[in-house]
Amino acid sequence: MTNAERKQMILEMVSRNKSVQITDLVKQFDVSVMTIRRDLAELEDKKYIKRVYGGAVLNEEELNKDVLGREYDYS
């Protein structure tokens, strides 16, 4: 599995469950704690998630901005 694939799967897990724990991600992907922390840091830099003690949660603020800022074509 590539780094990009792992990050995509992490993002899907956070989207589905609204939060993830570092320990669960370490077991799921069989990588080190530091690898998961780096992945979460990168996803947080892109504003997809917010890091919290022991894991991460979905960045609801950015999600709401995307939905509210979208223009729809009703034609």
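Student: Why is Thr 35 called buried?

Tutor: Thr 35 has a relative accessible area of 15%. The label "buried" takes under 20% (exposed is over 50%, partly exposed lies in between, all with a 1.4 Å probe and protein chains only), so Thr 35 counts as buried. Keep in mind that this is a predicted model: local features need pLDDT of at least 70, side-chain atom pairs count only at pLDDT 80 or more, and totals for chains, interfaces and linings use all residues. Residues are numbered from 1 along each chain as its sequence is written, and side-chain values use heavy atoms, without hydrogens and water.

Student: Where does Thr 35 sit, and what makes its link to Ser 32 a polar contact?

Tutor: Thr 35 belongs to helix H3. Its side chain and that of Ser 32 are joined at 3.0 Å. A polar contact is a pair of N or O atoms within 3.5 Å; within protein, one must be able to donate a hydrogen and the other to accept it, and residues adjacent in sequence count only if both atoms are side-chain atoms. The pair of Thr 35 and Ser 32 therefore gets the name.

Student: How do you know that the span of H3 is close to what is expected?

Tutor: H3 covers residues 33-45, 13 in number, and its first and last C-alpha are 18 Å apart. Helices (H or I, at least four residues) and strands (E, at least two) are DSSP runs numbered from the N terminus, and the expected span is 1.5 Å times one less than the number of residues. For H3 that gives 18 Å, which fits.

Student: What makes the buried residues of H3 line one face?

Tutor: The buried ones are Thr 35, Ile 36, Asp 39, Leu 40 and Leu 43. They fall within an arc of 130 degrees seen down the axis, so they line one face of H3; the arc is that of the directions from the helix axis to the C-beta atoms. An α-helix has 3.6 residues a turn, so residues three or four places apart point the same way. Turned away from that buried side are the exposed Arg 38 and Asp 45.

Student: What covers the buried side of H3?

Tutor: Helices H1 (3-17) and H2 (22-29) do, and the cover also includes strands E2 (49-52) and E3 (55-58). For one residue, take Ile 36: leaving out residues up to four places away in sequence, Ile 36 touches Ile 10, Ile 22, Leu 25, Val 26, Phe 29 and Val 31 (contact means heavy atoms within 4.5 Å).

Student: Why is Lys 7 called buried?

Tutor: Lys 7, in helix H1, has 15% relative accessibility, so Lys 7 counts as buried. Apart from neighbours within four places, Lys 7 is in contact with Asp 39, Glu 42 and Leu 43.

Student: What makes the buried residues of H1 a one-sided set?

Tutor: Arg 6, Lys 7, Ile 10, Leu 11, Met 13 and Val 14 are buried. Their arc around the axis is only 160 degrees, which puts them on the same side of H1. Ala 4 and Arg 16 are exposed on the other side.

Student: Which residues have the most contacts inside the largest nonpolar core?

Tutor: Ile 10, Leu 25, Ile 36, Leu 40 and Ile 49 do, in a core of 15 residues. H1, H2, H3 and E3 each supply at least two residues of this core. A nonpolar core is a set of buried Ala, Val, Leu, Ile, Met, Phe, Trp, Tyr and Cys residues joined through side-chain atoms within 4.5 Å.
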